[in-house]
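Visitor: I have a model open and would like to learn how to read it. Could we begin with a single residue and work outwards?

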Amino acid sequence: MMSNPTPESLHPGLNLGEEHGEDHLEAETSVFGFWVFVMSDLVTFGMFFAIFAASSAPMWMAGGPGPKDFVDIGSIAWQTGFLLASSLTSGMAVLSLKERHAGEGASRGRLIFWLLLTAVLGFGFLYREIADFVSMAQMGAGPTRSGYLTAFWSLVGLHGAHVTAGLLWCLTIVVGVLVRGVDKRWKLALLRWAVFWHFLDVIWIGLFTFVFLGGLI
Amino acid sequence: MLASLFGRLNWDSIILVKEFEDPDLQLLITSGAAAAIPLGGIFLVLLLWYLKWWKPLLGWLTSVDHKKIGVMYIIFSVVMLFRGVVEAVLMRTNQAVALNGGFLSSDHFNQLFTTHGTNMIFFVAMPFLIGLINVAVPLQIGARDVAFPKLNSISLGLTGAGGFLITISLLIGQFSTGGWTNYPSYTGKLVNPGPGVDYWITAIGLSGIGSTLTGVNFAVTIYKMRTKGMKFMRMPLFTWTALATSILLIFAMPPLTAACVMLGLDRYLDFHFFTNDQGGNLMNFINLFWMFGHPEVYILILPAFGVMSELSSTFAAKRLYGYTSIVAATMCIAVLAFFVWLHHFFTMGQSTTVNAAFGIATLLISIPTGVKIFDWLATLWGGRIRLNTTPVIYLCGFLVLFVLGGFSGIILANPTLDYQVHNSLFLVAHFHNVIIPGTLFGILAGIHYWFPKMFGFRLMESYGKVTAWLWSIGFVITFMPLYPLGLMGMTRRTVDYTDPAYVPLMLVSGAGSLLLGLAFLFLIITFWRSIVNRKQLVTPIGDPWDGRTLEWWTPCPVPEYNFAVLPEVDSRDAFHTAKERGDAYAPIEKYEDIKIPSNTYFGLIIGILGCGLGFGLVWYMWWMAAGSFLAALATIIVYAFLPEREQVIPAEEVRRVDENWRREARETYGVTRDDEITEANKGLARPDVVPG
């Protein structure tokens, strides 16, 4: 359902076909719409960040453990590495659309390779994060211990839930591309997913800086 | 076994069963209302069966046509409005006789004001406005549909799920008792472990997600789907306010969703966001809630301002005065909306400096609002105002009464004065004074105005005008006494009182609420009589009010594809210009095939699973909650694989319909404004000569 396309309403991103054709027109609405949604999601994260910031003083720790007691900066470094690397590989996945014959065997293979690599890195991130959560719970730093820990678990957990959703989405795209080929619909899904995945990276930078490093300082 | 199947739901949770086993007056009132749900349901099923409407109903529920979705939003709101009005009348009647104790118990009264507020804000005002936006905006910008039609249907499904949960709480269990704001001091697990609060959380959470998605959808629609030549500064004012509202929805709904999730985590998993002990902080909830709550006020009022702008120019037959200033004022209000949330709790312990800053920010909002009022008055000035039409009655009521509500808002914006009257009936009077003459009048006038676009016939002006007067007079009699009562010290949300000085004004207010009940009845009668007499009221040519904007450039009812050929726009009131030029209905040479998306079950399925998720969570039926959630996830994935189905309407069919319409328009004589409320009005306007 397109209204009259004008040159200004064209999608500024990658060529999605041989030239700026019909695929492109739909991309503009679809990807722009997803950006708008991401803005809204950013506000949700902002609220959880705000609550975390408001709960960081010792008063809200209610005598329970603070960040110095449970943040394993080595594990956080691994998680950061996994996630940042997965952002790079997701970018490579999108770039493989640029190939001249995206629909055909060779570069479809390339697309799937990068997507699967991204998924592996994403799972690596999730594995380390869950392991950290488990060890926190074992040492008595579960979310029900204090207001501070509630805010910590919810904020980090919200990001983790987003990563999980992103992984599910990534694998869906892999299956979709395998079943139906690199058609317009999956190209658009890939573009939106890429926005989402990079967005989660940006959020992680915030978490890394304010929650983990900030907590340790 | 049963416990894992039904969670904490048992036989006694059903209000009717409880009344049967242990009758008393409170329960009798509740169960009377509760009985309405199964009885209403059975009646509806029988009616549908008798009229053989199952198939058309399914066609509507699975539709992705923005006009049908809009109409469904509006019908949903009318049903919910019924409950809201009944509750209001019940509360006012109780307070009228509540010296030393009325007939309602405090728990019952608490539920009444909580459901009344929640219901009216989230399930009446918002879906009403979203319904009008759905119907009008794509037509006003010359688009065939919204940017994401399927998403639109999902939004409707989620809103419906929220409405289902708040409604079913009447029959099974109870609703929250914490007021529409649901502060954790009343709704924490410790003080309120029952299912009521969980109903609030799930209903608001689900419909909140739906509203966020609606915001995204309409922002993108307005940014990207405008027809050729429809520059921003040529958009009709209602579209501008819809854009402002969409932006507010995008940014203001997440805090509410976050607050719902956090309160839920506190209650379900023993987290400590808002608890009194273990480092929780209640003020965090209050801040989050009002970061949503204040922009929400403008979500409710801006589209109503948009309707009023359309009405003042159409029904005065003049160009809108100060278009640019109204646009600027609208966007100013949308931005300022995010900087005033703290004025909802001036008395909760901030420093005077903080209070002063938010007080000043609040007062600033009166400037753009004032600009608008003057612009509307200037538009009406010297125009040919048709006082015999219903929308104009609402417009006049709005201009007089809304301004009064604004003035009491200025009083409340001053922290020192707010300290005197906060939490009193003065506040109740204030916000009803802006929401009823503002939002509700805007909605009802909008329904009158666009009714022909939705259904192809006008509403009867005779009943419409009586309804409009009843709402206005009923409002004045009900809520004006609450100002002095507040100043006398009567607090809000009181089930009874001991000061006899309150009695006379309370009686007046109670009597007024009966008029409001009557007004609702007349609204229904207006619909009913108009449906019965629809043959005399048809306006097939589609322009019954001498409209100025694009939506009137289509036949009534509007075809699925809206415009046979998308119009090109070269001025602000493009249709008016075309009519002046005399070529509005000139024949068109070339028609093309039109592709429109086919119906889909997506939204309906998500809506039903949303009901399951919410109900499962409320009653601790974990299998139902988890099952619904996973099924929803699976649905989304499956739909990603199903082929997009489109329907093609061949050019020949489009040509046939469109040429007939244009020929009829050219051959019909049309009516002047003197006769527009008579049978002669077939939807073709003959312009009057207007000075200025």
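Guide: Gladly. Keep in mind that this is a predicted model. Start with B:Leu395. Beyond its neighbours within four places in sequence, B:Leu395 touches B:Met308, B:Leu311, B:Ser312 and B:Leu380.

Visitor: Where is B:Leu395 found?

Guide: In helix α14 of chain B, which runs over residues 390–413.

Visitor: Is B:Leu395 buried or exposed?

Guide: Buried means under 20% relative accessible area. B:Leu395 has 1% relative accessibility, so it counts as buried.

Visitor: How far is B:Leu395 from B:Pro500?

Guide: Give both separations. Along the sequence they are 105 residues apart. In space, their C-alpha atoms are 38 Å apart.

Visitor: Let us try chain A. Where does A:Pro143 lie?

Guide: A:Pro143 sits in the loop between α4 (105–138) and α5 (147–180) of chain A. Its relative accessibility is 14%, so it counts as buried.

Visitor: What is A:Pro143 in contact with, apart from its neighbours within four places in sequence?

Guide: The partners are A:Leu149, A:Thr150, A:Trp153 and B:Phe271. There is also a C-alpha distance to note. A:Pro143 and A:Ser154 are 11 residues apart along the chain, with 8.0 Å between their C-alpha atoms.

Visitor: How do I read backbone angles?

Guide: Begin with the usual case. Most residues other than glycine have a negative phi, and most peptide bonds are trans. Then look for exceptions. A:Ala62 is not a glycine, yet its phi is positive, about 50 degrees. B:Asp270 is not a glycine either, and its phi is about 60 degrees.

Visitor: Where are A:Ala62 and B:Asp270?

Guide: Each has a loop address. A:Ala62 is in the loop between α1 (22–54) and α2 (67–70) of chain A. B:Asp270 is in the loop between α10 (237–269) and α11 (282–315) of chain B. Now add accessibility. A:Ala62 has a relative accessible area of 29%, so it is partly exposed. B:Asp270 has 41%, so it is partly exposed too.

Visitor: Which peptide bond is cis?

Guide: Go to the bond from B:Cys556 to B:Pro557. That bond is cis, with omega near -10 degrees. B:Pro557 is placed in the loop between α20 (534–537) and α21 (574–581) of chain B.

Visitor: How do I judge a helix by its length?

Guide: Compare its end-to-end span with the expected one. Helix α19 of chain B covers residues 503–532. At 1.5 Å a residue, its 30 residues should span 44 Å. The end C-alpha atoms are 43 Å apart, so the two values agree. Try α7 of chain B next, residues 149–168. Its 20 residues reach 29 Å from first C-alpha to last, close to the 28 Å expected.

Visitor: How many residues of α7(B) are buried?

Guide: 15 of its 20 residues, so α7(B) is mostly covered.

Visitor: And how should I read burial along a helix?

Guide: Think of the turn. An α-helix has 3.6 residues a turn, so residues three or four places apart point the same way. Now look at α19(B). Its buried residues include B:Met506, B:Ser509, B:Gly510, B:Ser513, B:Leu516, B:Phe520, B:Leu523 and B:Phe527.

Visitor: What do the buried residues of α19(B) pack against?

Guide: Five helices of chain B are listed here: α5 (66–96), α16 (425–455), α17 (461–479), α18 (482–487) and α20.

Visitor: Now the whole chains. What is the secondary structure of each?

Guide: Chain B has 24 helices and 2 strands. Chain A has 6 helices and 0 strands.

Visitor: How do I tell whether chain B agrees with a compact globule?

Guide: Use the radius of gyration. For 692 residues, a compact globule would have one near 26 Å; chain B has 25 Å, which agrees. The C-alpha atoms of chain B fill a box of roughly 75 × 55 × 45 Å along the principal axes.

Visitor: What share of each chain is buried?

Guide: In chain B, 59% of the 692 residues. In chain A, 52% of the 217 residues.

Visitor: And contacts between distant parts of the sequence?

Guide: Take contacts between residues at least 6 apart in sequence. In chain B, 82% of these join residues at least 24 apart. In chain A, 78% of such contacts join residues 24 or more positions apart.

Visitor: Last, what does the surface consist of?

Guide: Chain B has an accessible surface of about 26600 Å², with 70% belonging to carbon and sulfur atoms. For chain A the area is about 9500 Å², and carbon and sulfur hold 68%. Finish with charge. Chain B has 45 positive and 45 negative charges, and their mean positions are 6 Å apart.

Key. Residues numbered from 1 in each chain as written. Chains lettered and ligands numbered in written order. Predicted model: local features only at pLDDT ≥ 70, side-chain atom pairs only at ≥ 80, totals over all residues. Heavy atoms only, no water. Helix = DSSP H or I, 4+ residues; strand = E, 2+ residues; numbered from the N terminus. Rg over C-alpha atoms; globule rule 2.2 N^0.38 Å. Buried < 20%, exposed > 50% of the residue type's maximum accessible area, 1.4 Å probe, protein only. Contact = heavy atoms within 4.5 Å. Areas by Shrake-Rupley, 256 points an atom, 1.4 Å probe, with all protein chains shown as cover. Lys, Arg positive; Asp, Glu negative; His and termini not counted. Charge placed at Lys NZ, Arg CZ, Asp CG, Glu CD. Expected span 1.5 Å × (residues − 1).
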